[in-house]
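User: I want the reasoning behind the labels, not just the labels. Take me through the spaces and the helix contacts.

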Amino acid sequence: MASRVNTSFTLIPNQKCKQRTNHQPSYFCNTPDLDPQLLSTLGNFKVLPLEIFHIILRYLSGLLFKRCTLLLPTKDRLKYIHKILSEVSCFKFNGCSAPLQCVGLPCYGMFLQTLTAGWDELECHRVYNYLCELTNLSRKMQTVVCNKPGSSRKLELRIRLFCRNVLLDHWTQRSDSAFWLTRILKPWPMVNQARLLYIIFGPTAPQDGQVIWQEMVEGPTDESSLKGLANAIKLLYDTSTKEWTADDVISLVDELSVVPREWLLENNARLLILSGNNICFTFMASKAVNGRAIELARLIVFLALVCEKELYCMDWTVRMMQKVCKVFSTAAERKSFLQSVANAFACVTMEMLQPIMSGERDDDDRGFLNLFHLLHAQANFHKEVLYLTMNASSS
């Protein structure tokens, strides 16, 4: 068993066996040229030729493989991995004919996680570059981000499965997940980063696993469709990696909200809520600073609507608005913004009411139900504003 193995030594193969001139058995090798200190760390395994060492590696666990190749350069260790795993088609990028049901790539990912645990970032960066070279991953990504969304559905799925199952999903430390996600995204311009983020974490069809590009555009979606994207955004924002500033993450969220076209504002609001208070506030504050108060006011309306639908505390929306108000530098700007919020509630109500008044009814009465939730959201929102005002005046 692995726990019983003496790991005080490290295995490394001899490159060649020299011919013997004495009467020792032929399976031993002379190693007079090697450093005596190195020989003392190899023990009896110094006699193994390279071919036998390869055979032994096939029968070791992930962990023992790591220990037995400890002194080898990273590139050589990766070559051994490739030599072993390439013999199984399910470990290849396009190897399995039923990738959704196959455990090949998840096993590959767990092996990679065990092997690289504790390695420094430079070595892990080499691992990523090696995998990209091996799978031609960068070229495949370039194909999907440059083509029309959905025109390469099978390739999009393969990229999603490889990135999730091999590179991202097996880490216990968030900083490790952030490192590998950064390796995937950072080589690309922001617009392509958003596209890749959607391919890897966006909603997929349950029957074939392919990315649903119109999910955020055609109608309100649910939490499950946005959870993966929200968690990825939080990962980049919360881990405080030097490669991602707050502005970078907010710009990525902004770019994501137009993939493949401009999202419904309700879906944008839901993503911000799922992404957490810090990201939501920073995103809204950015709009306030950049003179986009009317957009911000409409966003407040849909934050309230999502809170009403999901039975979240409406007090959260009001306090978020109160916090954003402080970003405006003058009292006149704050007053104008609050007036914009009131106007936005009226405008959105009329937008939802108009198709109902004209007789355009959905089969499931979705439009009418949405209006119903909006009116309740407006009432509860203003109730919380009144509570806040009364508490402030009484104190």
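**Cavities, pocket and helix packing**

Analyst: This is a predicted model. The structure holds three cavities of 30 Å³ or more. The largest cavity has about 50 Å³ of space.

User: What makes a space a cavity here, and which residues line the largest cavity?

Analyst: A space is a cavity because a 1.4 Å probe fits but cannot get out. The lining of the largest cavity consists of Cys90, Lys92, Phe93, Cys96, Pro99, Cys102, Leu105, Pro106, Arg158 and Asn165. Helix H5 (104–116) and helix H8 (153–168) are the elements that give two or more residues to this lining.

User: How do you know how that lining divides by class?

Analyst: Cys, Phe, Pro and Leu count as nonpolar, Lys and Arg as charged, and Asn falls among the others, as polar. Set against the residues of the lining, that gives seven nonpolar, one polar and two charged.

User: What makes the other kind of space a pocket, and how much space lies in the largest pocket?

Analyst: A pocket is an open set of points, with protein on both sides within 12 Å along at least five of seven lines. About 610 Å³ lies in the largest pocket. Its lining has 21 residues, and Pro220, Leu264, Met352, Gly367 and Asn370 lie nearest the centre. Two or more lining residues come from each of helix H14 (265–275), helix H16 (293–310), helix H18 (331–357) and helix H19 (366–394). H18 gives the most, with five. By class, the lining of the largest pocket has nine nonpolar, three polar and nine charged residues.

User: Why is H10 called oblique to H12?

Analyst: Helix H10 (residues 190–201) and helix H12 (residues 223–238) pack at about 125 degrees, their axes 9 Å apart. Roughly perpendicular covers 65 to 115 degrees, and roughly antiparallel needs over 145. The angle fits neither range, so H10 is oblique to H12. The crossing is right-handed. Leu197, Tyr198 and Phe201 of H10 touch Gly228, Leu229, Ala232 and Ile233 of H12. This contact has six nonpolar, one polar and no charged residues.

User: Why is H14 called roughly perpendicular to H16?

Analyst: The axes of H14 and H16 cross at roughly 70 degrees and come within 8 Å. The band for roughly perpendicular is 65 to 115 degrees. The angle falls inside that band, so H14 is roughly perpendicular to H16. From H14, residues including Leu265, Ala269 and Ile273 meet residues of H16, among them Leu299, Phe302 and Val306. The contact of H14 with H16 divides into ten nonpolar, no polar and five charged residues.

Technical notes
Residues are numbered from 1 along each chain as its sequence is written. This is a predicted model: local features need pLDDT of at least 70, side-chain atom pairs count only at pLDDT 80 or more; totals for chains, interfaces and linings use all residues. Side-chain values use heavy atoms; hydrogens and water are left out. On a 1 Å grid over the protein atoms alone, a cavity is a set of points where a 1.4 Å probe fits but cannot get out, and a pocket is an open set with protein on both sides within 12 Å along at least five of seven lines; lining residues have an atom within 4 Å of a point. Grid points are joined across faces, edges and corners, and a volume is the space filled by probe spheres set on the points. Helices (H or I, at least four residues) and strands (E, at least two) are DSSP runs, numbered from the N terminus. Axes are lines fitted to C-alpha atoms, for helices over the stretch in contact, and angles run from 0 to 180 degrees between N-to-C directions. Angles under 35 degrees count as roughly parallel, over 145 as roughly antiparallel, 65 to 115 as roughly perpendicular and the rest as oblique. A crossing is left-handed if the near helix is turned anticlockwise from the far one by less than a right angle, and right-handed if clockwise. Contact means heavy atoms within 4.5 Å.
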